[in-house]
Amino acid sequence: MFSLENITNTTHTWLNQTFSPTLALLTEFLIVGVLVIGLFAVLGLVLVFMERKVSAVMQIRLGPNRVGPMGIFQTLADTLKLVMKEGLTPNGADKFLFNLAPFVVMITAMLILAPIAFAKGFQMWDINIGVLYVSAISSISVIGILMAGWASNNKYSLLGAMRSGAQIVSYELSAGLAVLSIVILSGSLSISDIIASQQNGWWIFKGHIPAIIAFVIFIIAVTAETNRAPFDLAEAESELTAGFHTEYSGMKFALFFLAEYVNIFIVCAIGATLFFGGWMPFHIGSWTAFNNIMDYIPSSIWFFGKTFFLIFLIMWFRWTFPRLRIDQLLNLEWKYLLPISMFNLLLMTFVAIMGWYF
Amino acid sequence: MLTSAFYFIAFVTIFFAIMVVVSKNPIHSVLYLVLTFFCISANYIFMLDATFVGMVNVIVYAGAIMVLFLYVLMMMNLNAIAEQKRSVLFKISAAVTGGMLLLVLVAALKDANLQIQGSALEAEQRIGSIKVLGYVLYSKYQLPFEVASILFLVAMIGAVVLGKKDNSTKTIGIEPVK
């Protein structure tokens, strides 16, 4: 059966037999780095194409269909165009910060990838506080956005960055509380432990109503955190031209664009891990025969299937709901989502103490 | 190995901390402060093996407080030109005050006992592990913990009261309207 775990194990033993341990470790670092960059490039291409096709379906039109069969090479052509373009730096800009900002956003996106388990035994860094690590690093990306907005020396950019800052800082709370409710159920902050605790069913089914509320809050909060419509006030094109990346062009713009899609992938992967069991196949309690059949589907397919389902959900939001005003956005968080998620956390703690989950 | 790593991280931390004070632009200062907090977190994680404390440091200081700092500074749009000149007397008095604080800190930390306190069980596990931290926080230090949370609650309510819109006098421009 196809398994990524076997490939990593074989590579690891072969490297250790062939080279000294230090050299083997360095080679593994190199391989992981290349794989991450490769994954980013592929994700960018696939997700942008998927977004354009999904939006086309939602609006009853065809979408890209000229370059390659069904237009699958459209995003490749777009990327080529962006690479060829000149990367301008405005005269009044703070040059160093202006050029640094896209990389800050990109590097934080790369760092969050570390504790995510892509398949059974296929995880870069099984840190014992994985969930906390993810929320710590994701709070850094807002600094990159603020940097970009301020360094551009443009009022639209600054307004976009301010909106984005206010939005990310406030929605982080609900997302954090939603994540915490799953941490209470599984009793661990480590990603691999959380996945292992869903051996006999995913938390969204085992955790009853509080888990479903937590999932809904999580999806709303991460949509806002990734600056996606209906929460895309940071780059509201009808008000702020393009928000915090108005002044960016060429490859620097492409990095922001790529970071947005990679962030969507990451938050969906976290959501899939917490609520849908990550790479864990669909198991029902003690139905051994059924569980064994489900195990025949490789774990990587389960992981990517769930993640892409959640990505589709977020894209669906974008093409269905109109954009919120800034006061509606902040009211939604501070007056509705935050109290609901706090109460939900208490409810979840009660359920966990009484042992009312499966 | 560990000692040289400590010296390296400590040197970088102090370098960024000095840059916070030296840089002319307030935004650059805040960004250097963010880097300083990162270095302090690195110290927690690599030197003390306290990953939890290090991560919380990143979330609270680098993630939340520094973002608000940046936010306020960008809103006020301060820059190097707008910074008002301080008199020499002001600078000297600031240096003396800071130096005295340093003296007190050095005096307090000079004879500090750096041994890990607690039972053998606690020393056996890593001091930064969340299980041990949670256990100690909710048993040995429960009262200070609760008092600190009440302090935070009071501060939060105070901020809301201060920030609340005063409806008694409405203002248009600078003139108060009755």
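## Reading burial, salt bridges and the interface

Me: How do I read burial here: does Cys268(A) count as buried or exposed?
Reply: Cys268(A) counts as buried, because its relative accessibility is 2%. The cut-off for buried is under 20%. Keep in mind that this is a predicted model.

Me: And Cys39(B), buried or exposed?
Reply: Cys39(B) is buried too, with a relative accessible area of 11%. For disulfides, ask about the sulfur atoms, not burial: a pair must lie within 2.5 Å. By this rule, the count over all chains is zero.

Me: Which residues touch Thr13(B), leaving out those up to four places away in sequence?
Reply: Cys39(B) is one of them, alongside Thr36(B), Ile40(B) and Asn43(B). Thr13(B) sits in helix α1 of chain B, residues 2-22. Its relative accessible area is 10%, so Thr13(B) is buried.

Me: Lysine carries a charge-bearing label in my notes. Does Lys252(A) count as buried or exposed?
Reply: Go by the value, not the residue type. Lys252(A) counts as buried, at 14% relative accessibility. Lys252(A) belongs to helix α12 of chain A, residues 250-276. Its contacts beyond four places in sequence are Gly87(A), Leu88(A), Thr89(A), Phe98(A), Asn99(A) and Pro102(A).

Me: How many residues of helix α5 in chain A are buried?
Reply: Read a helix residue by residue. In α5(A), residues 130-138, eight of nine are buried, leaving the helix mostly covered. Among them are Val131(A), Leu132(A), Tyr133(A) and Ile137(A).

Me: Now salt bridges. How many does the whole structure hold?
Reply: Three, over all chains. For each, check the distance, then the sequence separation, then the burial of both partners. Start with Glu51(A) and Arg318(A), whose side chains meet at 3.2 Å, N to O. Glu51(A) lies in helix α2 and Arg318(A) in helix α14 of chain A, so the pair ties together parts 267 residues apart in sequence. Glu51(A) is buried at 4% relative accessibility. Arg318(A) is partly exposed, at 24%.

Me: Which residue pairs with Asp78(A)?
Reply: Arg52(A), with the closest N and O atoms 2.9 Å apart. This pair links helix α3 of chain A, home of Asp78(A), to helix α2, home of Arg52(A), across 26 residues. Asp78(A) is partly exposed at 26% relative accessibility, and Arg52(A) is partly exposed at 31%.

Me: Where is the salt bridge of Asp327(A)?
Reply: Its partner is Arg325(A), at 3.0 Å, N to O. Asp327(A) counts as partly exposed, at 36% relative accessibility.

Me: How many salt bridges cross between chain A and chain B?
Reply: Zero. Turn to the contacts and the buried area instead. In contact are 21 residues of chain A and 22 of chain B. The two chains bury about 2000 Å² between them, 82% of it on carbon and sulfur atoms. On the chain A side, Ile143(A), Trp150(A) and Met162(A) supply 29% of the area buried against chain B, more than any other three residues.

Me: Which residues make the nonpolar surface patch of about 620 Å²?
Reply: Trp14(A), Phe19(A), Leu23(A), Leu25(A), Leu26(A) and Phe29(A). Next, ask which element supplies them. Helix α2 of chain A, residues 21-58, gives the largest share, four residues.

Me: What does chain B look like overall, in helices and strands?
Reply: Seven helices and two strands. From the N terminus, the order is α-α-α-α-α-α-α-β-β. Of its 178 residues, 21% are buried. Chain B exposes about 13700 Å², with carbon and sulfur atoms supplying 73%.

Key
Residues numbered from 1 in each chain as written. Chains lettered and ligands numbered in written order. Predicted model: local features only at pLDDT ≥ 70, side-chain atom pairs only at ≥ 80, totals over all residues. Heavy atoms only, no water. Patch = residues over 30% accessible without salt bridge, like charges linked within 9 Å, V, L, I, M, F, W, Y side chains within 5 Å. Areas by Shrake-Rupley, 256 points an atom, 1.4 Å probe, with all protein chains shown as cover. Salt bridge = Lys/Arg side-chain N within 4 Å of Asp/Glu carboxyl O. Buried < 20%, exposed > 50% of the residue type's maximum accessible area, 1.4 Å probe, protein only. Contact = heavy atoms within 4.5 Å. Buried area = accessible area lost by both parts, 1.4 Å probe.
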